[in-house]
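Subject: Structure for your review

Dear colleague,

Please find below the structure that I am handing over to you. I should be grateful if you would read the notes after it with the sequence and the coordinates open.

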Amino acid sequence: MLCGSAEVKKHVQQRLKMLTFQHPNKLAKLFELQMATTKAAGSHDSFTYWVDVHAPVGPDQKAYVKYLATMFSVIAKKVMVKWSMTQNLTFKEQLDAGIRYFDLRVSSKPGEAGNEIYFIHGLFGHKVCDGLLEINSFLSRHRKEVVFLDFNHYYAMGPEHHVYLINMLQEVFGSKLCHNCAVESITLDYLWQKKHQVIVFYHHPSAQGIPVMWPGNKIPAPWANTTEPDKLTQFLETTLKERAKQGSFHVSQAILTPRVNTVAKGLVWGLRNYLVEKNLPTIISWVEAQRPGVDGVNIITSDFVELTDFANIVIKLNNLLLSEQGRKPR
């Protein structure tokens, strides 16, 4: 973990410089633009900076993985840690570095009394409540910051678990939660006037009819499911062209997904060393080449966001959007 590291401080300083030296008139225009057209940086499996090797393997895993973890507990879980962790930075460190979209997968612990919910990606992570409190603490100190929380996978959760989680979200964030409304109405100006800082997407019928829970169809996140960077960038281009012109945000998942044979070949190296680092230049080149517009990128997610200047690269794409707006006839 890079807690308090020079890398994190560098990201924060660069982000502050970028915002400070932008022209004030341009910044004013940015605040008026629909957030579905502005650019935001996100993290994939945002919570995986810590996983519990002492807990059972999660219910999101296939039967053969659970079997291997049972038979070869210590060795199997060490391998799983290397391939389950997609981030090194805590929520606070990600927020400090400019990340504003969080990809969240949650689960109960089968056999555990009560309705406690945990983050999950192969192995269990922190309690969801702890992560939400960490995010809320940051937002309380930075009243003009806005985050997207995308709860898109649920495991071992019955109706009572969903009620517990939805109530938790409302209790932790309170009036910071933005009501579900037309995506086109969401601008920074609108959110600041309403004092809203959190948009929660809840991909489950349990949230229907709850005003502050946005449906999952308002934030599609197409998944390439490939280990090849060229196929990934081709997929990202294709899905951007197919992006809805209105009515939703859009997530471009700039991530590579290991297959069983990938894990077998890179068993001791893990996701970061075997798959992510060597392919980052291709992925980042694609991000840097993006352009604004209704067919353009909106939210882009990445693994190990600290490995490059990822958040700033994405945020700086807003300069192109502002330039384009400035060229439009009045």
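The notes below cover the strands, the cavities and a patch on the surface.

Please bear in mind throughout that this is a predicted model.

I begin with strand S5, which spans residues 147–155. Seven of its nine residues are buried, so S5 is largely enclosed by the rest of the structure. Strand S2 (residues 99–107) pairs with S5 in the parallel sense, and seven bridges link the two. Within that pairing, Leu104 has Phe151 of S5 as its bridge partner. S5 is also joined to strand S6 (residues 198–202), again in parallel, by five bridges. Here Leu149 is matched with Val200 in S6.

Strand S9, residues 299–302, likewise has two partners to report. Strand S1 (residues 40–43) runs parallel to S9 and is joined to it by four bridges; Ala41 stands opposite Ile300 of S9. Strand S8 (residues 251–253) pairs with S9 through three bridges, also in the parallel sense, and in this case Gln253 faces Thr301 of S9. As for the side chains of S9, Ile299 and Thr301 point one way, while Ile300 and Ser302 point the other way. All four of these residues are buried.

Turning to internal space, a search of the whole structure gives two cavities of 30 Å³ or more. The largest cavity holds about 60 Å³ of space. Its lining consists of Ala254, Ile255, Leu256, Leu275, Val276, Leu280, Ile283, Ser302 and Asp303. Helix H11 (270–288) supplies the largest share of that lining, with four residues. Ser302, one of the lining residues, is also among the buried residues of S9 described above.

On the surface, Leu267, Val268 and Trp269 make up a nonpolar patch, whose accessible area together comes to about 310 Å². Val268 is located in the loop between helix H10 (260–265) and helix H11 (270–288). Is Val268 buried or exposed? Val268 counts as exposed because its relative accessible area is 55%, and the cut-off for that class is over 50%. H11 therefore appears twice in these notes: the loop that holds Val268 lies between H10 and H11, and H11 gives four residues to the lining of the largest cavity.

Yours sincerely

Definitions and conventions
Residues are numbered from 1 along each chain as its sequence is written. This is a predicted model: local features need pLDDT of at least 70, side-chain atom pairs count only at pLDDT 80 or more; totals for chains, interfaces and linings use all residues. Side-chain values use heavy atoms; hydrogens and water are left out. Buried means under 20% relative accessible area, exposed over 50%, partly exposed in between (1.4 Å probe, protein chains only). Two strands pair if DSSP finds at least two bridges between them. Patches are made of residues with over 30% relative accessible area and no salt bridge: like charges are joined within 9 Å, nonpolar side chains (Val, Leu, Ile, Met, Phe, Trp, Tyr) within 5 Å. Accessible areas come from the Shrake-Rupley method with a 1.4 Å probe; for residues, only the protein chains shown count as cover. A salt bridge is a side-chain nitrogen of Lys or Arg within 4 Å of a carboxyl oxygen of Asp or Glu. On a 1 Å grid over the protein atoms alone, a cavity is a set of points where a 1.4 Å probe fits but cannot get out, and a pocket is an open set with protein on both sides within 12 Å along at least five of seven lines; lining residues have an atom within 4 Å of a point. Grid points are joined across faces, edges and corners, and a volume is the space filled by probe spheres set on the points.
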